[in-house]
Amino acid sequence: MAARTRYYDGVTAQALDVTVRPSTHELVISRTEGIDVVARWPIGEVRILGDSEHEAVPPLAHGDERLMVEDAELRRQIALAVPQLAKLGAPKPSATGRIAIFGTTFAALLGLFWVGIDFGSELAAPMVPYSLQARLGNSVMKELVAGHQLCTSPAGLAAINGLANRLAKAADYGHPVKVTIIRGGPINAFTLPGGQLLFYSDLIDKAHDGNEVAGVLAHEMGHAVHYHSMKGLARQYGLNQLLRLMTGGYSDLGTVGAGGGLLLALQNGRNFERDADSTGVLLLEKLGLRADGIAEFFADLEKAHPTDMAAQLGIWSTHPPTAERIAATKRPPTGKPAFSDEEWAALKAVCGSNKENNPVPERFRQKPLATVPTPPPAKEPPGLPPPGKR
Amino acid sequence: MTDISAPAPASAPDLTPSRPVYDGKLSELYGIYFRHLALMVLTLGWSRFWGRTRLRRYLWSHFAVLGDRLEYRGRGLELMIGFVLVLLMLGVWGGLIWAFWEYVLHEKSIPGLGLFDIFTFSLFFLGVPLAFVGHYAGLRYRLTRTRWRGIRCDLGGSAWGYGAKATGLHLANGLCGQLLTPLMSVLLAQPRIANARLGTQRLEFAGRSGDIYGRFIGYYFLNILAWIVAIAVAVTAATWGGRSLGIVEKDVTELFTHFTPRTVLILIGLAFALYVLFGVMILPLRCWWQAYLWRYLVSRTRAGTVLFASAMSTRQMWGFLVLNYLIVMVTLGLGWPWVAHRTARLIAGQLWLYGSPDGASIRQPPDRPPRFGEGLLEMFDVTGV
């Protein structure tokens, strides 16, 4: 572009090629050198719009009027002559230098952010006020138990809650733990924030003895004492933020990023499971209880389902392969039984021997509902393998 | 001797051709972009309004039309306020949904549909029309912050009206198997072009969908044919390739569940093969139509005595639509400045102006510009710069 100076009057779209004569108190803009003056701008009223980094030519403005000095040397001379316009003479910063500085800073900040997510969630999760964790856990529990029948036999609940709280104490957890049991399947258990544990009665029904249930309970306590659910939430949130910042919110990249984020979340999930397995065994051993239950439970699962989905799914699985977990948790059958015979019997009967309906307790009810919908007793609880495979 | 009573020949309009000039440098754009990214991480994304403004200032000021540079005078704060206002609107909407849930539905709706689900669904249905409103309002914001020769640009018309029109047309087009595309393209281009102005100089648009239907019908059926052929080729290649390489279902399962460098290589190869197939069969057709549509819309636009034309080719449209997309995807977003730079150069190279405006007759626009901008666009649409 030719080095020229253009003047726009701010009223019409006429453009004039002009010359500029700076003095200490005004800029004189004229069509030819010093003659045919088109404007006189008092220095105090002149503004520089922008800067040399972002603007090809930082415009000089006087109200809506503009002066575009294309010639860098002329801009430098004006800047020298008029100290108030010194910025006009600033050279363009080196692009290479800025790329190096900001590129490195960006990469370093991303690394720090990543480390922050990883370690920050580890540190921050236990610091989240317990009341908040409990409220969060309660709301998730409400969703999970909605429409299900709960097992409410006091003796059975006392047995499992008693062991859960002994394990919590052994781990210095410092908060009460509450176990809720849903009638039916699948054969599974969950840990929610705020020390809330959820068991399905099929898990208790299918267990060979109380030690297997105790093993699963200790595993879930492992999740609770490590605050895995809170850490998982924090990491997921942090990761989403990181991806958003990296990709500038570009939706398709967000999708690619979400795929990566999911893989990382699943990897986190598998690591959490390994942690919970080892902590569960340690807690049982610390209390002098039999710690072989969890490995036995996994072995039963493996027998019932020889095709291990976790191994099949590999990186897409939330859990490590069952064989790996059996090997990691294998312990000798030594120590006291986790439940007394009476406790184990009470736990087996926690849903009631006659399978009567146990409605959802008041605290989990959706408030304005007059009656909680209770589906008819299932002939076949969902999630069980077909009879031939039992 | 000259017969002075004879009428003087009418002076031919000045139709001197010219093109815009873009003189930005990719390295400078990257310097600004990396600073923007670093600040984004530091401020958890809240600096994006200022970063976007800086990038626009760079791009605009390196773009000159008829020898005079554009000016971008938007401010990051305006964008942030626009965004916060939309956030507040969403908060109010969330409150209304909650009140409806609590006092009308009494927390009871379709089983499995919670308060959050209802809110998300409502946003999904509202989001589509609001994105169109945001497109128009965003264009208005950007134009009112753009100056040429010191004169501010503007966009009249109602963003809500445009949003309703765009929503209706997209819905109708979807229901008609995309056969209304030419009508929709022209009807939606009309307000965006004819309501735009430089100061008091309006742009005019004289497009008619009937002019482009013939080309579109050709594209439409060729496109269907191309899809059938592409799918047939892909299925045949996958079946034949799998058999000849002795790959069974178990191998495929193993491949996708246990990542190894081999898996990554195979995935890259597959993606490349699919892209080549898609790129060869489908995309050139689409680019052929899009380039034609672009040329048509540009050629039916004028600003007073200035006429516009474009010679955008299918290959250039491919570079714009496809290559730019690939650059952003492959570089995980870091290629964005490159794409912006390429696009600016493409516009500068392919947009022709015939004639020049009568500057003395163009004055500042009478309307006041909007105070904030782009909140809806930020919230409901994917925005670049």
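Colleague: Which residue is the bridge partner of A:Thr180 in E11(A)?

Modeller: In this predicted model, A:Thr180 has A:Leu198 of E11(A) as its bridge partner.

Colleague: What makes E9(A) and strand E11 of chain A a pair?

Modeller: Two strands count as paired when there are at least two bridges between them. E9(A) and E11(A), which covers residues 196–200, share five bridges, so by that rule they pair. The sense of this pairing is parallel.

Colleague: How are strands of a sheet held together in general?

Modeller: They pair through backbone hydrogen bonds, and the pairing is either parallel or antiparallel.

Colleague: Why are E9 and E10 of chain A called edge strands?

Modeller: Strand E9 (178–182) and strand E10 (189–192) of chain A each pair on one side only. That fits the order of this open sheet of three strands, E9-E11-E10 in chain A, where the pairing is mixed. From one strand to the next, the twist averages 20°.

Colleague: Which helix of chain A packs on the sheet and touches E9, E10 and E11?

Modeller: Helix H3 of chain A, residues 130–145, does that, and its direction makes about 15° with that of E11(A). Helix H4 of chain A, residues 154–170, lies across E9 and E11 of chain A and runs at about 140° to E9(A).

Colleague: Let's move to another strand. Why is strand E8 of chain A said to be largely enclosed by the rest of the structure?

Modeller: Strand E8 of chain A spans residues 65–69, and five of its five residues are buried, so it is largely enclosed.

Colleague: How do you know that both faces of E8(A) are covered?

Modeller: Look at each side in turn. A:Glu65, A:Leu67 and A:Val69 are buried on one side, and A:Arg66 and A:Met68 are buried on the other.

Colleague: How many bridges does E8(A) make with E1(A), and in which sense do they pair?

Modeller: There are four bridges between E1(A) and E8(A), in the antiparallel sense. Within E8(A), A:Leu67 is the residue that A:Tyr7 stands opposite.

Colleague: What makes strand E7 of chain A a partner of E8(A)?

Modeller: The cut-off is at least two bridges. Strand E7 of chain A, residues 60–62, is joined to E8(A) by three bridges, so the two strands pair. They run antiparallel, and A:Ala61 has A:Arg66 in E8(A) as its bridge partner. The hairpin of E7(A) and E8(A) has two residues between the strands, and A:Gly63 there takes a positive phi near 65°.

Colleague: Why is A:Gly10 called buried?

Modeller: A residue is buried if 20 or more other C-beta atoms lie within 10 Å of its own. A:Gly10 has 20 within that distance, so it counts as buried. A:Gly10 sits in the loop between strand E1 (5–8) and strand E2 (15–17) of chain A.

Colleague: What does A:Gly10 touch, not counting residues up to four places away in sequence?

Modeller: A:Gly10 touches A:Gly63, A:Asp64, A:Glu65 and A:Arg66, as well as B:Gly150. Also, A:Gly10 and A:His62 are 52 residues apart along the chain, yet 8.9 Å separates their C-alpha atoms.

Colleague: Now a contrast from chain B. Why is B:Leu171 called exposed?

Modeller: The rule for exposed is 12 or fewer other C-beta atoms within 10 Å. B:Leu171 has 12, so it counts as exposed. B:Leu171 is found in helix H5 of chain B, residues 159–175.

Colleague: How do you know that the span of helix H11 of chain B is close to the expected one?

Modeller: Helix H11 of chain B, residues 314–330, has 17 residues. The expected span takes 1.5 Å times one less than the number of residues, so 24 Å is expected, and the 23 Å from first C-alpha to last is close to that. H11(B) also bends by about 30° at B:Leu323. Its buried residues are B:Met317, B:Phe320 and B:Val328.

Colleague: Where in chain A does the pLDDT stay under 50?

Modeller: One such stretch is residues 250–255 of chain A, with 13 contacts beyond four places in sequence. The pLDDT is also below 50 over residues 354–390 of chain A. Chain A averages a pLDDT of 78, and 79% of its residues score at least 70.

Key
Residues numbered from 1 in each chain as written. Chains lettered and ligands numbered in written order. Predicted model: local features only at pLDDT ≥ 70, side-chain atom pairs only at ≥ 80, totals over all residues. Axes fitted to C-alpha atoms, helices over the stretch in contact; angles between N-to-C directions. Contact = placed C-beta atoms within 7 Å. Bend = angle between axes of the 7 residues up to and from the residue. pLDDT = per-residue confidence, 0-100.
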